[in-house]
Amino acid sequence: MERTFLAIKPDGVQRKLVGEIIRRFETKGFTLVGLKLMNVSRELAETHYGVHRERPFFAGLVDFITSAPVVAMVWEGEGVIASARKIIGATNPLNSEPGTIRGDFGVNVGRNLIHGSDAPETAQQEVSLWFKDEELVNWQPALLSWIH
Ligand code: RTP
Ligand code: MG
């Protein structure tokens, strides 16, 4: 079953939006298979956002993500990678639709509350970068097959 990596960024945790954000993925019908509150090391942040290493916002992005705890998660379900990106909304909250997490709660592109893997390859890489195998729980919600 498809899996994606999501992380509630420091602003989401500081603003007490953890429950609200998790609720949106639960009520959509996805299954939580990994969850931890953690401080992010500089090394992890730089690897995770490595694709943006040459961008002007890179240093600020790493400073921000390492500044306070984040909630790292793995979610499972049909089409979860693309669907989570829709639930999250566009990168810049000025462009994200109301009804999305960033559209409803975000204002600034550098404080956009949550990260979501953007493709199958990055989802796989990010799940194994952030979680050890034994930290993920394989389980199937009862009756899922005929509810969703
Ligand atoms: P994320 O990786 O955090 O889920 O966000 P994303 O895919 O929607 O956006 P991406 O292009 O991967 O950018 C990563 C994060 O860098 C910050 N950013 N700042 N112009 C800017 O100042 C700027 N552009 C991007 C954002 O916080 C974005 O989430
Ligand atoms: Mg991205």
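**Close-up views of a predicted model**

**View 1. Ligand 1 and its polar partners.** Lysine 9 places a polar side-chain atom 2.8 Å from an oxygen atom of ligand 1. This model is predicted. Arginine 85 also takes part: an N or O atom of its side chain is 2.8 Å from an oxygen atom of ligand 1. Asparagine 112 does likewise, with a side-chain N or O atom 2.8 Å from an oxygen atom of the ligand. On its own, ligand 1 has 560 Å² of accessible area, and the protein covers 77% of this.

**View 2. The shell around ligand 1.** Where does ligand 1 sit? Ligand 1 occupies the largest pocket. Around the ligand are 13 residues. The closest are Lys9, Tyr49, Thr91, Asn112 and His115. By type, the shell holds four nonpolar, six polar and three charged residues.

**View 3. Glutamate 76 at the end of strand S3.** Strand S3 covers residues 70–76, and glutamate 76 belongs to this strand. Is glutamate 76 buried or exposed? Its relative accessible area is 11%, so glutamate 76 is buried, the limit being under 20%. The side chain has a partner. Glutamate 76 and arginine 3 are joined, side chain to side chain, by a polar contact of 2.8 Å.

**View 4. Serine 128 in helix H7.** Helix H7 runs over residues 120–130 and includes serine 128. Serine 128 has 54% relative accessibility, so it counts as exposed, a class that begins over 50%. Its side chain reaches back to the backbone oxygen of glutamine 125, at 3.3 Å. Now compare serine 128 with arginine 24. The two are 104 residues apart along the chain, and 24 Å separates their C-alpha atoms.

**View 5. Lysine 16, a loop residue with positive phi.** Most residues other than glycine have a negative phi. Lysine 16 is not a glycine, yet its phi is positive, at about 60°. Look for lysine 16 in the loop between helix H1 (10–14) and helix H2 (18–28). With 72% relative accessibility, lysine 16 counts as exposed, because the class takes values over 50%.

**View 6. Leucine 113, a buried residue with positive phi.** Leucine 113 also has a positive phi, of about 75°, although it is not a glycine. Which elements flank its loop? Helix H6 (101–105) lies on one side of the loop in sequence and strand S4 (114–116) on the other. The relative accessibility of leucine 113 is 0%. That value is under 20%, so leucine 113 counts as buried.

**View 7. Glycine 19 in helix H2.** Glycine 19 has its place in helix H2. Its relative accessible area is 49%. Glycine 19 is therefore partly exposed, since that class lies between 20% and 50%. How far apart in space are glycine 19 and alanine 90? Their C-alpha atoms are 21 Å apart, and the two residues are 71 residues apart in sequence.

**View 8. Threonine 100 in the loop before helix H6.** This loop lies between helix H5 (80–88) and H6, and threonine 100 is part of it. At 10% relative accessibility, under the 20% limit, threonine 100 counts as buried. What does its side chain reach? The side chain of threonine 100 reaches the backbone nitrogen of glycine 103, at 2.9 Å.

Technical notes:
Residues numbered from 1 in each chain as written. Chains lettered and ligands numbered in written order. Predicted model: local features only at pLDDT ≥ 70, side-chain atom pairs only at ≥ 80, totals over all residues. Heavy atoms only, no water. Near = heavy atom within 4 Å. Polar contact = N/O pair within 3.5 Å; in protein donor to acceptor, adjacent residues only side chain to side chain. Areas by Shrake-Rupley, 256 points an atom, 1.4 Å probe, with all protein chains shown as cover. 1 Å grid on protein atoms, 1.4 Å probe; cavity = no way out; pocket = protein on both sides within 12 Å on 5 of 7 lines; lining within 4 Å. Sits in = over half its atoms within 2 Å of the grid points. Nonpolar A, V, L, I, M, F, W, Y, C, P; charged D, E, K, R; others polar. Helix = DSSP H or I, 4+ residues; strand = E, 2+ residues; numbered from the N terminus. Buried < 20%, exposed > 50% of the residue type's maximum accessible area, 1.4 Å probe, protein only.
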